[in-house]
Amino acid sequence: MGIVAGLDSSSAFTRIVVCDADTGAVLRQGYAPHPVEARATEIDPQVWLLSLGEAAAGGLLEGVQAIGVSAQQHGLLTLDAQGNLVRPALLGNDKRAQAAAADLIDALGGRQAWAEAVGSVPQAAQPVAKLRWMARSEPESAQRVASVMQPHDWLVWQLLGRPAHRTTDRGGASGTGFWSAGTGSYRPDLVELALGHHCALPEVLGPADAAGTTPEGLLISAGTGETMAAAFGLGVGVGDAVVSLGASGSVMAVHHEALADPSGMITSFADATGMHLPVVHTLNAVRALRGTAELLGMEDLDELSALAMKSTPGSSGLVMLPYLEGERTPQLPHTAGTLSGLRRESMKPEHLARAAFEGMLCSLADAMDVLRGRGVEVRRVFLLGGAAELPAVQTAAPAIFGAQVVVPQPADYAALGAARQAAWALGVSQGTLSPAAPPAWQGAAAQVFEPGEELAVGQAVRQQYGATRDQIHPGAFNPTF
């Protein structure tokens, strides 16, 4: 069918993969870091274009017929009536809108009202909260806002030559706080509630739609956010969950419908295929491992993992609740971590090391239970992040999660997902693919781990963890089963 490219503009770099449109085989790659200032809380988005140009240098895109764009989520670009930026782009890591988010929750009548309206409760990162912050903190700038975009929308618009018609996709729109994945439609009244007046919103394209074609004939697909692109690049489907092990953690799964969660623990994203990606976040994951390693005077997590492997499941009764930065799941924003079960026989370095790994995984299993409690099926878990390579994680995760665990080979799955989307749009335009079925690319190379005979042991570890959690924080975690 041809050659396609996927572009991932993250918070720190731009990566481009050029792939065979039929198989997904990577033919060549490009990379360029963003300037250091691009990692602040706001930035001139022109730096993204400069990084894109550097990553595509040397004829990287020669012969490419279509390109897809993935970009960092929750950024906000505000444009005036002439299409010029009103102010620098606000990025997802900007926490200035926390008070604005709380203000919006109250203005609509509470968390349940928001969950029912758009499938999520406002957070500081979301564009809807950023608009409220602008209206309160920069009223003159807010009054000039005629239209809004997110990073991937803006990049697609730039590649197409800044046409009058602007577009986005379901995945990106579902993170704004003013588009409902459940109804598939905008809530302009929520934009007006936040900003104080109406403004234009980009058209939401279908998963296989094209945003347009450049004058040179390069087809540009709809684009999407990094989370949705990575899920598409991994090839996850119904029955799959993706657990991300960063300093904080997240669990997302493919589901057939949007989930409204008044508690705010579930954020109901749409995916890049027409399905849904409910996500549950934790504030603590690998930071609990790093804190434990520092406490034990260790240089790295490999050493911590090796020490943990000298202990046994259950860590000799030692239980760590890894709520070091407070916690979002369960909602304990002002709590601290806890180490319980201290006895003479459990006070050994190897038991503390293993308790850190088990605490992190049990906390993520709690997050997974929030999804399972709402009818989300989880048969297979994709484990992402550098910590997924650690033997202590790979040994304990299948039994604690109660599912097969897949550790994919490291790759830029967001860029691959963007390329797969481009291949889909190209195939539909050529009449070789259906809008209902994406190209069947080969799945990620991966290690696979089964719970096997250790399943009962893993459930015992979870019971020990759950009993400690409920004793110290009674009623904090009650998923609906």
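Q394 is buried in this predicted model, with a relative accessible area of 11%. That value falls under the 20% cut-off, so the residue belongs to the buried class. Q394 sits in helix α13, which covers residues 391-401. A polar atom of the Q394 side chain lies 2.9 Å from the backbone oxygen of A388. Leaving aside residues up to four places away in sequence, Q394 touches A388, E389, V407, Q447 and F449. A388 therefore appears twice in this picture, once as the partner of that 2.9 Å approach and once in the list of contacts.

Let us move to another side chain with polar partners, R87. Is R87 buried or exposed? Its relative accessibility is 9%, so R87 counts as buried. You will find R87 in the loop between β6 (77-79) and β7 (89-90). Which side chains make polar contacts with R87? One is E42, at 3.1 Å, and another is E138, at 2.7 Å. Beyond four places in sequence, the residues that R87 touches are E42, T78, W133, M134 and E138.

W133 leads us on to helix α4, where it is among the residues that meet helix α2. Two packed helices are described by the angle between their axes and the distance between the axes. For α2 (residues 98-108) and α4 (residues 127-137), the angle is about 100 degrees and the axes are 8 Å apart. The two helices are therefore roughly perpendicular to each other. On the α2 side, the contact is made by A100, A101, D103, L104 and A107, which meet V128, A129, R132, W133 and R136 of α4. Sorted by class, the residues of this contact are seven nonpolar, no polar and three charged.

Helix α4 has a further partner, helix α8 (residues 188-195), with an angle of about 35 degrees and axes 7 Å apart. Here V128, L131, R132 and A135 of α4 meet L190, V191, L193, A194 and L195 of α8. This contact holds eight nonpolar residues, no polar ones and one charged.

V128 shows up in the contact with α2 and again in the contact with α8, so it is worth a stop of its own. V128 lies in α4, and with 0% relative accessibility it counts as buried. Its contacts beyond four places in sequence are L104, W114, T176, G177, F178, L190 and A194. Along the chain, V128 and C199 are 71 residues apart, while their C-alpha atoms are 12 Å apart in space.

Next comes helix α9 (226-234) and what follows it. How many of the nine residues of α9 are buried? Seven are, so the helix is mostly covered. The buried residues are M228, A229, A230, A231, F232, G233 and L234. After α9 comes G235, whose phi is positive, near 80 degrees. Further on, in the loop between α9 and β16 (239-245), sits V238. At 45% relative accessibility, V238 counts as partly exposed. V238 and V378 are 140 residues apart along the chain, yet 8.0 Å separates their C-alpha atoms. Among residues more than four places away in sequence, V238 touches V254, M275, E377 and R379.

A few backbone details deserve a look if you plan to inspect torsions. The peptide bond from T329 to P330 is cis, with omega near 5 degrees. P330 lies in the loop between β20 (319-321) and β21 (338-340). Two residues other than glycine can be viewed alongside it. H74 has a positive phi, near 70 degrees, and sits in the loop between β5 (66-71) and β6. With 18% relative accessibility, H74 counts as buried. S316 also has a positive phi, near 55 degrees, and is placed in the loop between α11 (301-308) and β20. S316 is partly exposed, with a relative accessible area of 32%.

Finally, the cysteines. How many disulfides does the structure hold? The count is zero. C19 is buried, with a relative accessible area of 0%, and C362 counts as buried too, at 1%.

Note on methods
Residues numbered from 1 in each chain as written. Heavy atoms only, no water. Disulfide = S-S within 2.5 Å. Buried < 20%, exposed > 50% of the residue type's maximum accessible area, 1.4 Å probe, protein only. Helix = DSSP H or I, 4+ residues; strand = E, 2+ residues; numbered from the N terminus. Polar contact = N/O pair within 3.5 Å; in protein donor to acceptor, adjacent residues only side chain to side chain. Contact = heavy atoms within 4.5 Å. Axes fitted to C-alpha atoms, helices over the stretch in contact; angles between N-to-C directions. Parallel < 35°, antiparallel > 145°, perpendicular 65-115°, else oblique. Nonpolar A, V, L, I, M, F, W, Y, C, P; charged D, E, K, R; others polar.
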